Amino acid sequence: DLDGKQMILAVVRDISDRKVAKDLLRESQLDYEILFDDSPIPLWDEDFSELLIYLEGRKTAGIKDFRAFFDANPDAVSMCLKKIQLLKINKASLALHDATSKEHLLENFEKVFTDRSLEAFKEGLIAIAEGQTQFEIQSEIMTLSGELIIIYLTLVMDQTPGRRGKGLVVTIDITEKVLLEAQLRQAQKMESV
């Protein structure tokens with residue numbers, strides 16, 4: 001009511017740029033999900049936040065040599081494994097592990113690890129504890145169907161602000177390559193004899 005007259009006050013904002021940006025972000029997210037899910041390379045999106053808190057706590061408690069710590073506390077390696085949260089896994093990872101779904105893999109996850117793969121995981125823990133943001137290891141795992149395979153694993157920790165603790169794990173099955181190399185070495189030995 002202004003000087004006895006009914007008035008309407010309207011504020012109009014042009015949100016075209018915000019809407020375009022929101023649509024582009026949605027499209028980019030969809031592209032990422034398609035690329036992640038359909039990649040022929042096994043990918044895992046994981047959250048290491050709880051693990052990082054645990055390792056920082058050990059540092060605060062005076063642990064300086066994590067190799068000695070994990071050697072003296074082998075159960076800590078398995079405990080650390082449980083502190084990593086699987087956020088997303090792609091179809092190629094499910095196929096590599098002979099799993100039907102993410103839930104199927106998680107329910108049987110302890111079956112995947114052998115003594116050698118736990119040893120390789122320990123090396124990864126030591127690298128993370130020492131502040132490395134990327135590392136590579138070769139190890140072995142068991143598929144859920146009981147087949148032993150040799151893998152080459154790369155972990156890249158996200159350094160983007162606000163995503164501390166997130167990491168991408170890339171796994172490549174190198175079983176055939178390792179077996180062929182062993183056969184070649186054997187053939188070379190036989191040839192030299």
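Helices and strands here are DSSP runs, numbered from the N terminus, with at least four residues for a helix (H or I) and at least two for a strand (E). The exercises below concern a predicted model.

**Exercise 1. Find where D3 and D98 lie, and state what their phi angles and accessibilities show.**

Step 1. D3 belongs to the segment before α1, the helix that spans 16-38. D98 sits in the loop between α5 and α6 (102-107).

Step 2. The phi of D3 is positive, about 55°, although D3 is not a glycine. D98 also is a residue other than glycine with a positive phi, in its case near 60°.

Step 3. Exposed requires over 50% relative accessible area, and buried requires under 20%. D3 has 77% relative accessibility and therefore counts as exposed. D98 has 35%, so it counts as partly exposed.

**Exercise 2. Determine how confident the prediction is along the chain.**

Step 1. The mean pLDDT of the chain is 92, and 100% of the residues score at least 70.

Step 2. Confidence is lowest in helix α8 (residues 175-192), where the mean is 89. The highest value, 95, belongs to helix α5 (residues 91-96).

Step 3. Where pLDDT is low, predicted coordinates should not be read in detail.

**Exercise 3. Describe the largest pocket by volume, lining and chemical class.**

Step 1. The volume of the largest pocket is about 640 Å³.

Step 2. Its lining consists of 32 residues, and those nearest the centre are E46, L81, F109, F113 and F121.

Step 3. Assign the lining to elements. At least two lining residues come from each of β1 (43-47), α4 (74-82), β2 (85-89), α7 (115-129), β3 (134-142), β4 (148-157) and β5 (166-173). The largest contribution is that of α7, with seven residues.

Step 4. Sort the lining by class: 21 residues are nonpolar, seven are polar and four are charged.

**Exercise 4. Classify K166 and A129 as buried or exposed, and list their contacts beyond four places in sequence.**

Step 1. K166 is part of strand β5, while A129 is part of helix α7.

Step 2. The cut-off for buried is under 20% relative accessible area. K166 counts as buried because its relative accessibility is 18%. A129 has 4% and so counts as buried.

Step 3. Leaving out residues up to four places away in sequence, K166 touches E46, D47, L87, V156, M157 and D158. With the same exclusion, A129 touches L55, K59 and F66.

Step 4. Compare sequence and space for one pair. A129 and D31 are separated by 98 residues in sequence and by 33 Å from C-alpha to C-alpha.

**Exercise 5. Count the aromatic pairs and characterise the one formed by F66 and F70.**

Step 1. Over the whole structure there are seven aromatic pairs. The ring centres of F66 and F70 are 6.1 Å apart and the planes meet at 35°, so this pair is tilted.

Step 2. Place the two residues. F66 and F70 are both in helix α3 (residues 66-72), at a spacing of four residues, about one turn of the helix. Both residues are buried.

Step 3. Look for linked pairs. W44, F109, F113 and F121 are joined into a cluster by ring pairs. Of these, F109, F113 and F121 are among the residues nearest the centre of the largest pocket.

How values were computed:
Residues are numbered from 1 along each chain as its sequence is written. This is a predicted model: local features need pLDDT of at least 70, side-chain atom pairs count only at pLDDT 80 or more; totals for chains, interfaces and linings use all residues. Side-chain values use heavy atoms; hydrogens and water are left out. On a 1 Å grid over the protein atoms alone, a cavity is a set of points where a 1.4 Å probe fits but cannot get out, and a pocket is an open set with protein on both sides within 12 Å along at least five of seven lines; lining residues have an atom within 4 Å of a point. Grid points are joined across faces, edges and corners, and a volume is the space filled by probe spheres set on the points. Ala, Val, Leu, Ile, Met, Phe, Trp, Tyr, Cys and Pro count as nonpolar, Asp, Glu, Lys and Arg as charged, and the others, Gly among them, as polar. Buried means under 20% relative accessible area, exposed over 50%, partly exposed in between (1.4 Å probe, protein chains only). Contact means heavy atoms within 4.5 Å. pLDDT is the predictor's confidence in each residue, from 0 to 100. Rings of Phe, Tyr and Trp (its six-membered ring) pair if their centres lie within 6.5 Å; planes under 30 degrees apart count as stacked, over 60 as edge-to-face and the rest as tilted.
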